[in-house]
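Trainee: I am new to this structure and would like to learn how to read it, one feature at a time.
Mentor: Then let us look at it together, and please ask as we go.

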Amino acid sequence: MPRKDLLDIASLSDEELMSLLDNTVQMKEVFTRSVKKVPTLRGRTVLMLFYENSTRTSTSFEIAAKRLSADVINFDIGTSSVRKGESVRETIETLEAMRCEYVVVRHPMAGFAQTLASMTGMSVINAGDGRHAHPTQALLDAHTIREAMAMGNLQGKKILIAGDVLHSRVARSTSTIFKRLGAEVAFMGPGSLLPKSSPFPQFTSYDEAMQWGPDVMYLLRVQMERQTAPYYPSNSEFHKLYGVTAERLKEVSDKGIYLMHPGPFNRGVEICDDAVTYERSLINTQVENGVAARMSVLYGLKPQVASFGE
Ligand code: CP
């Protein structure tokens, strides 16, 4: 039976994971048509509930829903009764009563999407909860590498996830999906921004990480907003020690390493300007694939509300 919610990568079965990735390929094909729209979710409503800021995730979900012919409601937390103290349960029951079928939610608290899913028959899609998970980012990233390397899985490939791993929900979700697809994963960054324990090798030296031989460098944004105290001396020091600088880009290029970043960037911290547009940068492709991956997710879930399946 199709699942109701997408909360993280770990809880997906292998079959569900591969189905979401394979359907992303089909959804991307829709973009090559002159009319980039299919009627799959006509008459359905997707509610966007963002308690944290977003450019890529919120916009690509909205485009994805519209390409599937759904209606989209952008719920404005700032002007809603949430500001008068309305509880999460009351908000969600009110919205379900209006016969929405899907909720895309981002919240600073880990576990928020799961709590919400337990309160509603609407399909809940986690668009990022605190440091915990960002499953649709992981799906679009896995699709982007499969597409770039023309591989069904990532067996034998090495993926280095670099930067602020400690605060990153993206690192948790992408490392999980890359490993499940057969890749070797390692983390690199200052010791203060790496987890205390990890199933993956960890490097605190850029040069040692490069000697490990990555096929892909996945750079993470330094999450200033989640840091309660300084974790490194300065941004220029971070760039010098751990960033892809203009000088290091030559080595990255000579070795044919793909560069990825979920965005938004801190230019001059984890990444230099030229690295964004480097010929093996997959950053813009990640953004493009975000729409297809999110179409696949909306298509693959089954809300448990009276209006669905009638
Ligand atoms: N990658 C990502 O989640 O970006 P946004 O914060 O812009 O959605």
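Trainee: Where does the largest pocket lie, with respect to domain 1 and domain 2?
Mentor: A word on the source comes before the reply: this is a predicted model, in which local features need pLDDT of at least 70, side-chain atom pairs count only at pLDDT 80 or more, and totals for chains, interfaces and linings use all residues. Residues are numbered from 1 along each chain as its sequence is written, and side-chain values use heavy atoms, with hydrogens and water left out. Domain bounds come from an automatic or database domain assignment, and here they give domain 1 (14–133 + 289–300) and domain 2 (135–285). Both domains give residues to the lining of the largest pocket, so the pocket lies between them.

Trainee: How many residues does each domain bring to the contact between domain 1 and domain 2?
Mentor: Contact means heavy atoms within 4.5 Å. The centres of the two domains, taken over C-alpha atoms, are 26 Å apart, and the contact takes 28 residues from domain 1 and 25 residues from domain 2.

Trainee: Which residues lie nearest the centre of the largest pocket?
Mentor: On a 1 Å grid over the protein atoms alone, a pocket is an open set of points where a 1.4 Å probe fits, with protein on both sides within 12 Å along at least five of seven lines, and lining residues have an atom within 4 Å of a point. The largest pocket is lined by 20 residues, and Arg106, Arg169, Arg221, Gly263 and Pro264 lie nearest its centre. Its lining divides into four nonpolar, nine polar and seven charged residues, where Ala, Val, Leu, Ile, Met, Phe, Trp, Tyr, Cys and Pro count as nonpolar, Asp, Glu, Lys and Arg as charged, and the others, Gly among them, as polar.

Trainee: What is the peptide bond from Gly263 to Pro264, cis or trans?
Mentor: Most peptide bonds are trans, and most residues other than glycine have a negative phi. The bond from Gly263 to Pro264 is cis, with omega near -10 degrees. Pro264 lies in the loop between strand 9 (258–260) and helix 10 (273–277), where helices (H or I, at least four residues) and strands (E, at least two) are DSSP runs, numbered from the N terminus.

Trainee: What is the sign of phi at Arg99, positive or negative?
Mentor: Phi of Arg99 is positive, near 65 degrees, and Arg99 sits in the loop between helix 3 (88–97) and strand 3 (102–107). Ala150, which is not a glycine, has a positive phi of about 50 degrees, and Ala150 is found in the loop between helix 5 and strand 5 (158–162).
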